[in-house]
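Trainee: Please give me a close look at a single part of this model. Start from one residue and work outward. I would like the side-chain partners spelled out.

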Amino acid sequence: MEGFNGHGLRGSLLEDMLNRTNESYRSKGLALIQKIPTPITPVEMNDKKQITLAYFEQKSTVDYIGAVQGVPVCFDAKECAVDTVPLQNIHEHQIHFMNGFEQQGGIAFIILMYTHRNEMYYLPLSDINRFWDRMKEGGRKSFTYDEVDKSYIIHRKGEYLAHYLEPLSRDLDSRQEKTGA
């Protein structure tokens with residue numbers, strides 16, 4: 001999965017924060033979220049059958065998948081060092097996967113970290129689709145910090161370095177209000 005710097009999430013601060021948070025969620029019985037490994041294709045191996053050269057395959061689905069209190073969830077993690085997020089960094093196959101995931105009753109979203117602001121946000125799929133549709137209709141090929149719903153900020157809370165269950169809960173509540181369920 002390619003990130004904004006062209007290197008995916010390999011060794012990123014955001015990935016580390018999410019992995020630690022997910023482990024805390026698991027140990028408390030709040031959620032079971034698994035990191036999906038980035039598929040690689042080995043190119044060279046040494047005489048000990050160790051991979052010495054490989055390339056990262058482009059097509060992966062999302063970074064994380066699992067369940068939160070019985071609700072299936074999938075999400076991708078993105079980092080950005082500027083206020084404008086290029087939509088080319090959210091791949092079309094990911095949009096299709098996330099939309100299909102929601103059609104099956106799950107919740108899909110992106111966790112976006114603005115590294116230069118040290119701020120993290122939960123982006124519901126509906127917002128991502130709005131930005132994506134605007135681009136497909138000839139509009140801007142990015143979205144800005146000002147367009148992100150600031151009520152979906154992700155805070156650190158104790159051992160939860162990226163406590164995304166709070167905005168996820170808000171998203172679920174707003175979906176229920178819209179459907180009247």
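Mentor: Start with Thr144, found in strand S9. Keep in mind that this is a predicted model. Thr144 has a relative accessible area of 17%. The cut-off for buried is under 20%, so Thr144 counts as buried. Now set aside its neighbours within four places in sequence. Thr144 is then in contact with Asp83, Thr84 and Tyr114.

Next, look at Tyr145. Two charged side chains lie over its face. Arg117 is there, 3.6 Å from the ring centre. Lys150 lies over the face of Tyr145 too, at 4.1 Å from the ring centre.

Now move on to the aromatic pairs. The count comes to 13. Take Phe75 and Tyr164, which form a tilted pair. Their ring centres are 5.0 Å apart, with 55° between the planes. This pair links distant parts of the chain, 89 residues apart. Phe75 is in strand S5, residues 71–80. Tyr164 is in the loop between strand S9 (142–144) and helix H4 (165–179). Is this pair buried or exposed? Phe75 is buried, at 0% relative accessible area. Tyr164 is buried as well, with a value of 0%.

Phe109 and Tyr122 make another pair. Their ring centres are 4.4 Å apart and their planes meet at 25°, so this pair is stacked. It links distant parts of the chain: Phe109 in strand S7 (residues 107–114) and Tyr122 in strand S8 (residues 119–124), 13 residues apart. Phe109 counts as buried, at 0% relative accessibility. Tyr122 is buried too, with a relative accessible area of 1%.

These four rings belong together. One aromatic cluster holds Tyr25, Tyr64, Phe75, Phe109, Tyr122, Tyr152, Tyr160 and Tyr164.

Stay with Tyr164 and list its contacts. Leave aside neighbours within four places in sequence. Among the cluster members, Tyr164 touches Tyr25, Phe75, Phe109 and Tyr122. Its contacts also include Leu18, Ile33, Ile111 and Ile154. Thr21 and Asn22 complete the list.

That leads into the nonpolar core. In soluble globular proteins, nonpolar side chains tend to be buried together. Here the largest nonpolar core has 25 residues. Which residues have the most contacts inside it? They are Leu18, Phe109, Ile111 and Tyr164. Several elements give two or more residues to this core. They are helix H1 (13–27), strand S1 (31–35), strand S4 (64–68), S5, S7, S8 and H4. Apart from this core lies another, of 23 residues. Val62, Phe131, Met135 and Val148 are among them.

Turn now to the charges. Side chains of opposite charge can pair when their charged atoms come close. The whole structure has 12 salt bridges. One of them involves the loop that holds Tyr164. Lys28 and Glu159 meet there, at 2.9 Å from N to O. Lys28 lies in the loop between H1 and S1, and Glu159 in the loop between S9 and H4, so the pair ties together parts 131 residues apart in sequence. Lys28 is partly exposed, with a relative accessible area of 48%. Glu159 is partly exposed too, at 40%.

Helix H1 has a salt bridge of its own. Arg20 and Asp16 meet at 3.0 Å, N to O. They sit 4 residues apart in H1, so about one helical turn separates them. Asp16 is partly exposed, at 35% relative accessible area.

Helix H4 gives a further case. Asp171 forms a salt bridge with Arg175, their closest N and O atoms being 3.0 Å apart. These two are 4 residues apart in H4, so the separation is about one helical turn. Asp171 is buried, with a relative accessible area of 3%. Arg175 counts as partly exposed, at 23%. The link goes further: Glu102, Asp171 and Arg175 are joined in a network of salt bridges.

Back to the strand where we began. Thr144 is in S9. The loop from S9 to H4 carries Tyr164, of the Phe75 pair. Glu159, the partner of Lys28, is in that loop as well.

Key: Residues are numbered from 1 along each chain as its sequence is written. This is a predicted model: local features need pLDDT of at least 70, side-chain atom pairs count only at pLDDT 80 or more; totals for chains, interfaces and linings use all residues. Side-chain values use heavy atoms; hydrogens and water are left out. Rings of Phe, Tyr and Trp (its six-membered ring) pair if their centres lie within 6.5 Å; planes under 30 degrees apart count as stacked, over 60 as edge-to-face and the rest as tilted. Buried means under 20% relative accessible area, exposed over 50%, partly exposed in between (1.4 Å probe, protein chains only). A charge sits over a ring if NZ of Lys or CZ of Arg is within 6 Å of the ring centre and within 35 degrees of the ring normal. Contact means heavy atoms within 4.5 Å. A nonpolar core is a set of buried Ala, Val, Leu, Ile, Met, Phe, Trp, Tyr and Cys residues joined through side-chain atoms within 4.5 Å. A salt bridge is a side-chain nitrogen of Lys or Arg within 4 Å of a carboxyl oxygen of Asp or Glu.
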